[in-house]
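Biologist: Could you walk me through this protein, one question at a time? I am new to reading structures, so please take it slowly.

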Amino acid sequence: GNPELPTAVNITWSSINFKTILQWQPKPSGYFYTVEIHGQTSNTKKKCILTAETECDVTDVLRNVKETYTAHILSVMSSEMDNFEEPPFAVSEKFTPYNQTVLGKPEIQNYTQKGSKLYVAFQDPLTPYSFPNGSFQSVRDIFQHDLDYKLYYWKDQSSGKKDAMSKSHEFEVNVDSTKNYCFYIQGIIPSRKENRNGQESMVLCTSVGRNILDEYGAEIFIIIAVIAIAIITLATVLSVILCKRKKAKAAREKEPLN
């Protein structure tokens with residue numbers, strides 16, 4: 001081979017909802033990289049052949065998500081692809097998509113707060129893999145009963161959180177009917193030792209009975225009190241001034257004319 005060619009370093013797997021990108025360093029100069037994906041039971045597959053980039057989308061060759069893979073990053077000259085000598089290469093850490101891909105953000109579809117009940121409906125994140133009819137598989141289609149969701153919710157303007165678990169696509173929890181609530185959802189795979197918690201959805205808040213007191217709390221009382229005190233003080237001062245003027249005028253009218 002060409003032992004003088006640099007080999008890849010800092011090889012990392014980045015995977016969200018089974019979309020998996022392989023990354024490494026350094027940027028090649030005068031040579032190229034070719035990626036080989038080796039599975040424990042599957043045939044070796046080549047990706048990103050003769051690339052000058054330092055990343056490669058390997059999603060489509062990891063369809064058996066429960067298999068464990070390693071990546072070989074080959075450093076090659078373009079003329080050596082037909083050469084029988086093995087080029088220098090670096091080997092990645094092992095990667096099992098089912099155990100290591102990160103769960104993406106659930107999408108909240110709708111929510112309502114009626115009386116003392118908060119209802120939240122959401123959708124599973126989709127994966128790059130599709131069914132025979134062309135529709136994309138969701139993470140639920142792959143993880144099945146291994147997938148749970150947790151709802152975190154709290155009173156608006158409060159820091160105390162509560163949570164609830166569900167295996168379905170909706171939550172129904174008891175809340176204080178006089179308060180607004182904020183919440184978010186997170187996917188969880190309890191069977192995992194690592195990467196158990198997925199990404200958090202966006203935070204949303206209800207607006208039932210929301211008014212200026214909910215928005216500003218005690219601040220509005222302080223503002224109102226200051227304004228009221230200022231008005232009372234001004235009225236008192238004006239009353240005193242007017243009273244003194246009336247007395248002075250009455251005194252002048254009683255004086256004899258010169």
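**A first look at the chain**

Modeller: Happy to, and please remember that this is a predicted model. To start, buried residues make up 38% of the 258 residues in the protein chain.

Biologist: How many helices and strands does the secondary structure of the protein chain have?

Modeller: Helices and strands are counted here as runs along the chain. The count for the protein chain is 4 helices and 17 strands.

Biologist: Of the contacts between residues at least 6 apart in sequence, what percentage join residues at least 24 apart?

Modeller: A contact means heavy atoms within 4.5 Å. Taking the contacts between residues at least 6 apart in sequence, the share joining residues at least 24 apart is 60%.

**The core**

Biologist: Which residues have the most contacts inside the largest nonpolar core?

Modeller: In soluble globular proteins, nonpolar side chains tend to be buried together. Here the largest nonpolar core has 44 residues. It draws at least three residues from each of domain 1 (9-99) and domain 2 (107-209). The residues with the most contacts inside this core are Leu22, Trp24, Ile37, Val58, Leu62 and Ile73.

Biologist: Which residue of that core list does Trp24 touch, leaving out residues up to four places away in sequence?

Modeller: The residues that Trp24 touches include Val9, Asn10 and Ile11, and also Tyr33, Val35 and Cys56. The core list includes Leu62 and Ile73. Among the residues touched by Trp24 is Ile73.

**The sheet S1-S2-S5**

Biologist: Which strands are at the edges of the open sheet with the order S1-S2-S5?

Modeller: This sheet has 3 strands with antiparallel pairing. An edge strand here pairs on one side only, and the edge strands are S1 and strand S5 (55-57).

Biologist: By how much are neighbouring strands of the sheet S1-S2-S5 turned against each other on average?

Modeller: The sheet in question is the antiparallel one in the order S1-S2-S5. With direction ignored, the average turn between its neighbouring strands is 15°.

Biologist: Which residue in S2 is the bridge partner of Ser14?

Modeller: Ser14 lies in strand S1 (residues 9-16). S1 pairs with strand S2 (residues 19-25) in the antiparallel sense over 6 bridges. Setting aside neighbours within four places in sequence, Ser14 is in contact with Lys19, Thr20, Ile21 and Gln23. Its bridge partner in S2 is Ile21.

Biologist: Is Ser14 buried, partly exposed or exposed?

Modeller: Buried means under 20% relative accessible area and exposed means over 50%. Ser14 has 35% relative accessibility, so Ser14 counts as partly exposed.

Biologist: How far apart in space are Ser14 and Val102, C-alpha to C-alpha?

Modeller: In sequence, Ser14 and Val102 are 88 residues apart. In space, their C-alpha to C-alpha distance is 8.6 Å.

**The sheet S8-S9-S14**

Biologist: Why is one side of S8 and of S14 left without a neighbour in the sheet?

Modeller: The open sheet has 3 strands in the order S8-S9-S14, with antiparallel pairing. Strand S8 (107-114) and strand S14 (170-174) stand at the edges, so one side of each has no neighbour because each has a single partner strand.

Biologist: Which residue in the hairpin of S8 and S9 takes a positive phi?

Modeller: S8 and strand S9 (residues 117-123) pair over 7 bridges in the antiparallel sense. One of the bridge partnerships is that of Lys114 with Lys117. The hairpin has 2 residues between the strands, and the residue with a phi near 60° is Gly115.

Biologist: Which residue in S14 is the bridge partner of Val120?

Modeller: S9 and S14 run antiparallel and are joined by 5 bridges. In S14, the partner of Val120 is Phe171.

**Unusual backbone spots**

Biologist: Which peptide bond is cis, with omega near 0°?

Modeller: Most residues other than glycine have a negative phi, and most peptide bonds are trans. Pro26 is in the loop between S2 and strand S3 (32-39). The cis bond runs from Gln25 to Pro26.

Biologist: What is the phi of Asn195?

Modeller: Asn195 is found in the loop between strand S15 (181-188) and strand S16 (197-200). At 38% relative accessibility, Asn195 counts as partly exposed. Its phi is positive, in a residue other than glycine, and is near 55°.

Notes
Residues numbered from 1 in each chain as written. Predicted model: local features only at pLDDT ≥ 70, side-chain atom pairs only at ≥ 80, totals over all residues. Heavy atoms only, no water. Buried < 20%, exposed > 50% of the residue type's maximum accessible area, 1.4 Å probe, protein only. Core = buried A, V, L, I, M, F, W, Y, C linked by side-chain atoms within 4.5 Å. Domains from an automatic or database assignment. Pairing = 2+ DSSP bridges. Axes fitted to C-alpha atoms, helices over the stretch in contact; angles between N-to-C directions.
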